[in-house]
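Work through these exercises with the model in view. Try each task before you read its solution.

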Amino acid sequence: MSRIVLALSSDAPYAPHAATMLLSALTNTPQARFVIYYLTDPDFPEETRVLLRQSLTHFGERAVLHFHTVPDAWVQGLPLFKFMRPGEIRPVMWYRLFLPRLLLDEPKALYLDCDTLVLRSLEPLWNLSLGKHAIA
């Protein structure tokens, strides 16, 4: 059974979408174990973490969920999209940039936006060689 390191980020309002993405990834990649790193803001509620963990219990040991809280200071001053009103695209969109800093023991991670719906196995994507490239 292959091991896939999956990363995502969201604030609490997007947690239901993130749960849907995770369920679709696990359902459509049945031959893999997932180590999931969920990057959150400091205000991410504990009750939301509990609900997310509960949503994955059906998958047992195939889904190991870790939460990482990204400090506000790491994203302070980073720009939002110019065509969006302030607050529509929150600083959480930048969290993926900190994956190398947060996942020091993981040589590779697959980042999926929490509004992604996985329709096929992620194994072919996971198994693609990046060569010397850090991002693909």
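**Exercise 1. Place Ala 73 in its element, then decide: is Ala 73 buried or exposed?**

Solution. Start with the element. Ala 73 sits in helix H3, residues 72–75. Helices (H or I, at least four residues) and strands (E, at least two) are DSSP runs, numbered from the N terminus. Next, take the accessibility. Ala 73 has a relative accessible area of 59%. Buried means under 20%, exposed over 50%, and partly exposed in between (1.4 Å probe, protein chains only). Ala 73 is therefore exposed. Last, compare sequence with space. From Ala 73 to Gln 31 is 42 residues in sequence and 39 Å in space, C-alpha to C-alpha.

A note on the numbers: this is a predicted model, where local features need pLDDT of at least 70, side-chain atom pairs count only at pLDDT 80 or more, and totals for chains, interfaces and linings use all residues. Residues are numbered from 1 along each chain as its sequence is written, and side-chain values use heavy atoms, with hydrogens and water left out.

**Exercise 2. Which strands pair with E2, and in which sense?**

Solution. Two strands pair if DSSP finds at least two bridges between them. Step one: strand E1 (residues 2–9) pairs with E2 (residues 32–40) in the parallel sense, over eight bridges. Ile 4 has Phe 34 in E2 as its bridge partner. Leu 8 stands opposite Tyr 38 in E2. Step two: E2 also pairs with E3 (residues 63–69), again in the parallel sense, over seven bridges. Here Phe 34 has Ala 63 in E3 as its bridge partner.

**Exercise 3. Why is E2 described as largely enclosed?**

Solution. Count the buried residues. Eight of the nine residues of E2 are buried, so the rest of the structure largely encloses this strand. Now do E1. Six of its eight residues are buried, so E1 is largely enclosed too.

**Exercise 4. Which helix belongs to the β-α-β unit of E1 and E2, and which to that of E2 and E3?**

Solution. Take E1 and E2 to begin. With helix H1 (residues 15–28), they make a right-handed β-α-β unit. Right-handed means that, with the strands pointing away from the viewer, the path from the first strand over the helix to the second runs clockwise. Then take E2 and E3. Their helix is H2 (residues 46–55), and this unit is right-handed as well.

**Exercise 5. Where does E4 join E1?**

Solution. E1 and E4 run parallel, joined by two bridges. Look for Ala 7, which stands opposite Tyr 111 in E4.
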